[in-house]
Amino acid sequence: MAEDVKPTRKNLMQIEDRIELSERGHDTLEQKRDGLIMEFMDILDQAQDVRSNLEADYDRAQAAIDKARAMEGDVAVRGAAAALKEHPEITTQSKNIMGVVVPQIESSRVKKTLDQRGYGVLGTSARIDEAADAYEELLESIILAAEVETAMRKLLEEIETTKRRVNALEFKLLPDLYENKEFIEQKLEEQEREEIFRMKKIKSKKQEEEESEAAEGDPGSEVTVHADDD
């Protein structure tokens with residue numbers, strides 16, 4: 001509340017400094033918010049493509065595995081899957097997007113050659129190879145989708161946090177500071193007017209006293225008494 005602030009010039013200077021700092025912070029946060037939103041929109045476009053590709057890869061992988069099971073049997077498909085010796089490795093790094101740390105997921109050994117899959121080439125058909133290819137592509141799409149979705153979530157959280165800080169400055173802190181500044185300025189102006197009025201009264205009183213003293217000391221105003229002649 002403005003009434004709780006002492007109307008002194010020192011407090012006025014402090015509030016003016018806080019206003020200047022808060023306005024700069026508000027402008028900086030607005031720029032950050034707008035930049036984050038632009039980055040988010042770019043990633044959102046990418047995410048839509050990734051989701052579309054992921055759905056297509058899933059449908060293709062599902063169709064391939066269904067065909068392999070129909071042609072080779074469920075036992076052969078499970079046996080080929082169990083023969084895999086080297087599993088994909090997932091490593092995560094981080095990158096900075098306007099102060100927001102988002103993960104960068106990298107994978108290795110996802111795509112494999114026929115001899116790296118572990119099952120015998122002679123004991124299986126091309127249907128199993130096609131299913132393996134489809135699921136390797138699906139796994140790569142899942143990894144990319146995980147990276148993009150996580151980046152989107154972190155950016156969205158930072159956007160919301162930045163928006164709350166901007167709103168707190170714009171609708172709470174700065175209005176309170178402006179109100180306090182106006183209150184102090186008004187009080188200081190009132191004090192200044194009162195001081196001017198007091199000084200005028202002192203000056204007027206002093207002039208009256210000087211005029212009174214001057215009138216008392218003026219010889220022309222004295223009554224002359226003449227002595228009678230003998």
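This report describes the helices of a predicted model, how they pack, and the salt bridges between them.

Residues are numbered from 1 along each chain as its sequence is written, and side-chain values use heavy atoms, with hydrogens and water left out. Because the model is predicted, local features need pLDDT of at least 70 and side-chain atom pairs count only at pLDDT 80 or more, while totals for chains, interfaces and linings use all residues.

## Overall layout

The protein chain has three helices and two strands. Both kinds of element are DSSP runs numbered from the N terminus: helices are H or I runs of at least four residues, and strands are E runs of at least two. Along the sequence, the order is α-α-β-β-α.

The protein chain holds 230 residues, and 26% of them are buried. Here, buried means under 20% relative accessible area, exposed means over 50%, and partly exposed lies in between (1.4 Å probe, protein chains only).

Contacts reach across the sequence. Of those between residues at least 6 apart in sequence, 78% join residues at least 24 apart. A contact means heavy atoms within 4.5 Å.

## Helix packing

Two packed helices are described by the angle between their axes and the distance between the axes. The axes are lines fitted to C-alpha atoms, for helices over the stretch in contact; angles run from 0 to 180 degrees between N-to-C directions.

Take the pair α1 and α3 first. Helix α1 spans residues 9–72 and helix α3 spans residues 126–216. Their axes come within 4 Å and cross at roughly 165°. The two helices are therefore roughly antiparallel to each other. The cut-offs are under 35 degrees for roughly parallel, over 145 for roughly antiparallel, 65 to 115 for roughly perpendicular, and oblique for the rest. The crossing of α1 and α3 is left-handed. That term applies if the near helix is turned anticlockwise from the far one by less than a right angle; clockwise would be right-handed.

The contact of α1 with α3 has 40 nonpolar, nine polar and 24 charged residues. Nonpolar covers Ala, Val, Leu, Ile, Met, Phe, Trp, Tyr, Cys and Pro; charged covers Asp, Glu, Lys and Arg; polar covers the others, Gly among them.

Helix α2 covers residues 74–82. The axes of α1 and α2 come within 6 Å and cross at roughly 120°. This pair is therefore oblique. From α1, the contact uses I65, A68, R69 and E72; from α2, it uses D74, A76 and V77. By class, the residues of the α1 and α2 contact are four nonpolar, no polar and three charged.

## Salt bridges

Side chains of opposite charge can pair when their charged atoms come close. A salt bridge here is a side-chain nitrogen of Lys or Arg within 4 Å of a carboxyl oxygen of Asp or Glu. The whole structure has 15 salt bridges. Three that link α1 and α3 are listed below.

| α1 residue | α3 residue | N to O distance | Separation in sequence |
|---|---|---|---|
| K32 | E158 | 2.9 Å | 126 residues |
| R51 | E149 | 2.7 Å | 98 residues |
| R60 | E137 | 3.6 Å | 77 residues |

Several of these residues are partly exposed. K32 has 22% relative accessibility. R51 stands at 38%, and its partner E149 at 31%. R60 has a relative accessible area of 42%, and E137 has 30%. R60 and E137 also belong to a network of salt bridges that includes D57.

## Two buried residues of α3

S141 is in helix α3. It is buried, at 11% relative accessibility. Leaving aside neighbours within four places in sequence, S141 contacts V50, L54 and D57. D57 is also part of the salt-bridge network with R60 and E137. The C-alpha atoms of S141 and S52 are separated by 9.9 Å, although these residues are 89 residues apart along the chain.

T162 is in helix α3 too. Its relative accessible area is 0%, so T162 is buried. Not counting residues up to four places away in sequence, T162 touches L29, K32, R33 and L36. K32 is also the salt-bridge partner of E158.
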